[in-house]
Amino acid sequence: MTPASTTAAPSTDAFVVDDVSKIFVGKNQVQALANIDLRFRAGSFTCIVGPSGCGKSTLLRILGELETATAGHVHNNLPESRVPRSAFVFQDHGALPWFTVLQNVAFGEHMASVGKREREEHARHWISEVGLAGFEQAYPHQLSGGMRQRIAIARAFATGSPSLLMDEPLGALDAQTRILMQEQLVELWEAERKTVVLVTHSIEEALLLGDRIVVMSARPGRVKETIEVPFGRPRTVDIETDPEFTRMKQDIWESLRDEVQASLRFS
Ligand SMILES: Nc1ncnc2c1ncn2[C@@H]1O[C@H](COP(=O)(O)OP(=O)(O)OP(=O)(O)O)[C@@H](O)[C@H]1O
């Protein structure tokens with residue numbers, strides 16, 4: 001194994017993942033990822049699907065420099081600036097309960113020492129974009145689960161990072177709210193064209209949102225296949241009635257089913 005490192009990538013790829021493996025060393029050694037090779041074009045939307053425990057979050061955390069690879073290389077070509085190169089959105093909204101909506105959304109830029117007037121201006125814009133205008137002074141506990149998740153999405157956009165790394169961001173929402181949020185996310189991304197990597201357990205969600213779907217194998221996670229999503233943009237949930245959507249959903253499930261079964265055998 002070659003030693004791990006992160007360097008600038010000399011290309012239009014935001015990230016180049018080159019032969020990356022990850023082993024967690026502890027009481028029980030766990031190999032989470034094995035020999036991952038992936039390129040993430042700047043401005044693209046990639047969805048990652050795979051069985052539980054196959055290393056999807058680990059890969060996301062390595063891309064976001066929250067975790068280091070045990071072996072291999074991650075080239076990061078995102079521009080350096082005063083804000084972090086990647087903003088995260090997790091399943092649990094992560095809104096700080098003692099902050100208002102406005103303070104929560106402005107938090108990323110606050111941490112990057114952006115002036116109050118500028119960060120609040122950005123925050124108000126994104127609060128409005130996600131449909132929370134009028135709730136700027138509300139506290140998270142006064143909002144529904146869907147509204148709290150919108151705080152997290154607004155905060156990620158407001159931070160101004162060129163990349164968004166999303167780990168099951170809509171996973172905790174009810175089915176109807178989730179559909180609306182998926183459409184909203186597509187719309188925001190189409191306007192902003194950030195480099196997005198989104199982990200999801202939903203094949204439909206991956207087909208609705210992504211330019212490309214990466215299917216991972218059971219642990220240790222490897223790239224099983226990479227599928228280009230052919231649907232044009234702008235996209236809405238109406239594409240689910242397209243026969244091609246149904247066919248692709250079936251194909252991806254066939255590919256995933258073996259891996260889910262394998263992961264159940266080993267867990
Ligand atoms: N900090 C850690 N220390 C030890 N093992 C870890 C650590 N983080 C993750 N793992 C292990 O690495 C493997 C991959 O975990 P990871 O969370 O990346 O999977 P995942 O595909 O995101 O799972 P899920 O879909 O269930 O969220 C799992 O076996 C997990 O227990």
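**Stop 1: helices α4 and α5**

In this predicted model, select α4, residues 116–129, and α5, residues 145–158. The two helices are oblique to each other, because their packing angle is about 135 degrees and angles over 145 would be needed for roughly antiparallel. Their axes lie 9 Å apart. The crossing of α4 over α5 is right-handed.

To see the contact itself, show side chains for His122, Ala123, Trp126, Ile127 and Glu129 on α4, then Ala154, Phe157 and Ala158 on α5. Sorted by class, this contact between α4 and α5 holds 6 nonpolar residues, 1 polar and 1 charged.

**Stop 2: from α5 to α6**

Keep α5 on display and add α6, residues 175–192. The axes of α5 and α6 come within 11 Å and cross at roughly 10 degrees. That angle is under the 35 degrees that bounds the roughly parallel class, so α5 and α6 count as roughly parallel to each other. Here too the crossing is right-handed, with α5 passing α6.

On the α5 side, select Gly146, Gln149, Ile153 and Phe157; on the α6 side, select Thr177, Met181, Leu185, Leu188 and Glu192. The contact of α5 with α6 divides into 5 nonpolar, 3 polar and 1 charged residues. Phe157 may still be selected from the previous stop, as Phe157 of α5 is part of the contact with α4 and also part of the contact with α6.

**Stop 3: the loop after α6**

Move on to Arg193, in the loop between α6 and β8 (195–199). Arg193 is not a glycine, yet its phi is positive, near 50 degrees. Arg193 counts as exposed because 12 C-beta neighbours lie inside 10 Å, and exposed residues are those with 12 or fewer. For a distance to draw in the viewer, pick the C-alpha atoms of Arg193 and Phe45: they are separated by 8.3 Å, although the two residues are 148 apart along the chain.

**Stop 4: the loop before α4**

Next select Ser113, which lies in the loop between α3 (107–111) and α4. Ser113 is another non-glycine residue with a positive phi, about 65 degrees. With 9 C-beta neighbours inside 10 Å, Ser113 counts as exposed.

**Stop 5: the ligand**

Centre the view on the ligand and display the 13 residues around the ligand. Phe24, Ser52, Lys56, Ser57 and Thr58 come nearest. Two elements each give two or more residues to this shell: β3 (30–41) and α1 (56–63). The largest share, 3 residues, comes from α1. Colouring by class gives 4 nonpolar, 7 polar and 2 charged residues in the shell.

**Stop 6: α1 and what follows**

Is α1 mostly covered or mostly open? Helix α1 is mostly covered, with 6 of its 8 residues buried. The buried residues are Lys56, Thr58, Leu59, Leu60, Ile62 and Leu63. Lys56 and Thr58 are therefore worth keeping selected from the ligand stop, being buried by the cut-off of 20 or more other C-beta atoms within 10 Å.

After α1 comes Glu65, with a positive phi near 60 degrees. Further on is Glu67, in the loop between α1 and β5 (71–76). Glu67 counts as partly exposed, because it has 16 C-beta neighbours inside 10 Å. Leaving aside residues up to four places away in sequence, Glu67 touches Thr58, Arg61 and Ile62. Of these partners, Thr58 and Ile62 are among the buried residues of α1. A second distance to draw runs from Glu67 to Lys22: their C-alpha atoms are separated by 9.4 Å, and the residues are 45 apart along the chain.

**Stop 7: two cis peptide bonds**

Finish with two prolines. Select Arg219 and Pro220, which are joined by a cis peptide bond with omega about 0 degrees. Pro220 is in the loop between β9 (212–216) and β10 (223–228). Then select Arg233 and Pro234, where a cis peptide bond also has omega of about 0 degrees. Pro234 is in the loop between β10 and α8 (243–266).

Methods. Residues are numbered from 1 along each chain as its sequence is written. This is a predicted model: local features need pLDDT of at least 70, side-chain atom pairs count only at pLDDT 80 or more; totals for chains, interfaces and linings use all residues. Axes are lines fitted to C-alpha atoms, for helices over the stretch in contact, and angles run from 0 to 180 degrees between N-to-C directions. Helices (H or I, at least four residues) and strands (E, at least two) are DSSP runs, numbered from the N terminus. Angles under 35 degrees count as roughly parallel, over 145 as roughly antiparallel, 65 to 115 as roughly perpendicular and the rest as oblique. A crossing is left-handed if the near helix is turned anticlockwise from the far one by less than a right angle, and right-handed if clockwise. Two residues are in contact if their C-beta atoms, placed from the backbone, lie within 7 Å. Ala, Val, Leu, Ile, Met, Phe, Trp, Tyr, Cys and Pro count as nonpolar, Asp, Glu, Lys and Arg as charged, and the others, Gly among them, as polar. A residue is near a molecule or strand if its C-beta atom, placed from the backbone, lies within 6 Å of it.
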